[in-house]
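I open a fresh page for this model and note what I look up, entry by entry.

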Amino acid sequence: MSDDRTHRPPRLRWRAGIRDGPALAHIRHDSAPDADIFACPLRWLAGDFDAETWQLDGDLTQGTHHGWHYRRSGDLVFAARHVDDGDGPDPQAVQQIAHDAYRQLFALQGELGLRHVQRIWHWLSSVTAGAGDDQRYQRFCRGRAQALDTPGQPMTTLPPATLVDSARRGVRLHVLLGERAIEAVENPRQISAYDYPRAYGVRAPAFARAGIVTLADTPYLLISGTASIVGHASRHIGDVAAQSDEALTNVAAVIEAAAHRIGPRRLTELECIKAYLRHPEDAPVVHAVLRRRLPGVAVALLHAPLCRDDLLVEFEAQMRLL
Ligand code: 3EB
């Protein structure tokens, strides 16, 4: 008799576009005011898909806890949260919102019995507004770091993450929660974000460059928002084509850094890649770079200013390993 496990198709599927029927998450790339909380609050510019579906066998449940809205199937949860801060002039408010969002995330995890954040996305409107230590992104990083200082909090391994601007006012977060521990992957070409020097903020950003995760039995390499940063410095200021190439070299370096666990893999094996662009008019240039270096990979280009003023483009990507 054959071993069932080796022949069963993966229970989880990522699909480009909105698929009919129940799903763990339908994620539209939609900045409209009436878009739901599971939407990615950015304007879609170009590419092969303008929405995503995480499909999963099994019964779905949904609920709300601690300000988080979630959908669950088995041991996998997709959760979303939005706080409208009025784009307020008080930078400490952003810090508090970030702190509370992470503390409430930990409470949600306790409630659901899911100890491991597999992936997190953050959208922060007016991300680089405010001067020096009061810049909104830097204040966000302080609040997040303070939440992570909480004794006993479950995030002992930092997850892969993205943080970009939001076309919707305030702070939105999406998370994938699971039962299985994640394995963080760092990029040897870049200083780990959690080790960035003081010049980038009072508290460093808390995320991993990538994670090897298991989403409902399906192994994935999830690659964080990746920009034209070498060491800790932004490169190719003002040159979006060169930034695109450098950022893709970083994506390739992260894949290479995971090779001891996932084997040798190519950029073209990515399931999809998303590009966040500061300037919508750069879309044709970035699209051309992606077509050249990642032929056949599904791409989406979205309008999103990034958390450093000198970054023009950032990529995030995922690779299904089964
Ligand atoms: C960088 O490499 C680019 O603060 O959660 C990318 C992904 C970035 C996540 C975060 C920030 C974050 O520093 C910025």
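**Ligand site**

I began at the ligand, where a polar side-chain atom of tyrosine 196 lies 2.7 Å from an oxygen atom of the ligand. I keep in mind throughout that this is a predicted model. Looking at the other side chains there, I found a polar atom of tyrosine 137 at 2.6 Å from a ligand oxygen, and one of arginine 144 at 2.7 Å from an oxygen atom of the ligand. In total I have 14 residues surrounding the ligand, and the closest are Tyr137, Arg144, Tyr196, Phe207 and Arg209.

**Sheet**

I then traced the open sheet, whose six strands follow the order E5-E6-E7-E10-E8-E9 with mixed pairing. Strands E5 (61-65) and E9 (161-164) are at its edges, and each has a single partner strand, so one side of each is left without a neighbour in the sheet. From one strand to the next I noted an average twist of 15 degrees.

For the pair E8 (residues 116-124) and E10 (residues 171-178), I noted an antiparallel course and eight bridges joining the two; arginine 119 stands opposite leucine 176 in E10.

**Helices on the sheet**

I looked next at helix H2 (residues 91-112), which packs on the sheet and touches E5, E6, E7, E8 and E10, its direction making about 25 degrees with that of E10. Helix H3 (residues 136-148) also packs on the sheet, where I found it touching E8, E9 and E10, with its direction at about 150 degrees to that of E8.

**Nonpolar cores**

Turning to the interior, I noted that the largest nonpolar core has 70 residues, and that Trp54, Phe78, Leu105 and Leu177 have the most contacts inside it. H2 supplies the largest share of this core, nine residues. Leaving aside neighbours within four places in sequence, I listed the contacts of tryptophan 54, among them Leu12, Trp14, Ile27, Phe78, Leu176 and Tyr220. I also recorded a second, separate core of 34 residues, which includes Leu221, Val251, Leu267 and Ala283.

**Asparagine 250**

Is asparagine 250, for which I turned to helix H4 (residues 240-257), buried or exposed? I have it as buried, because its relative accessible area is 0%, below the cut-off of 20%. Its side chain makes a polar contact with the side chain of arginine 189 at 2.8 Å, and the asparagine 250 side chain also reaches the backbone oxygen of isoleucine 229 at 3.0 Å. Not counting residues up to four places away in sequence, I found that asparagine 250 touches Asn187, Arg189, Gln190, Thr226, Ala227 and Ile229.

Conventions. Residues are numbered from 1 along each chain as its sequence is written. This is a predicted model: local features need pLDDT of at least 70, side-chain atom pairs count only at pLDDT 80 or more; totals for chains, interfaces and linings use all residues. Side-chain values use heavy atoms; hydrogens and water are left out. Two strands pair if DSSP finds at least two bridges between them. Helices (H or I, at least four residues) and strands (E, at least two) are DSSP runs, numbered from the N terminus. Axes are lines fitted to C-alpha atoms, for helices over the stretch in contact, and angles run from 0 to 180 degrees between N-to-C directions. Contact means heavy atoms within 4.5 Å. A nonpolar core is a set of buried Ala, Val, Leu, Ile, Met, Phe, Trp, Tyr and Cys residues joined through side-chain atoms within 4.5 Å. Buried means under 20% relative accessible area, exposed over 50%, partly exposed in between (1.4 Å probe, protein chains only). A residue is near a molecule or strand if one of its heavy atoms lies within 4 Å of it. A polar contact is a pair of N or O atoms within 3.5 Å; within protein, one must be able to donate a hydrogen and the other to accept it, and residues adjacent in sequence count only if both atoms are side-chain atoms.
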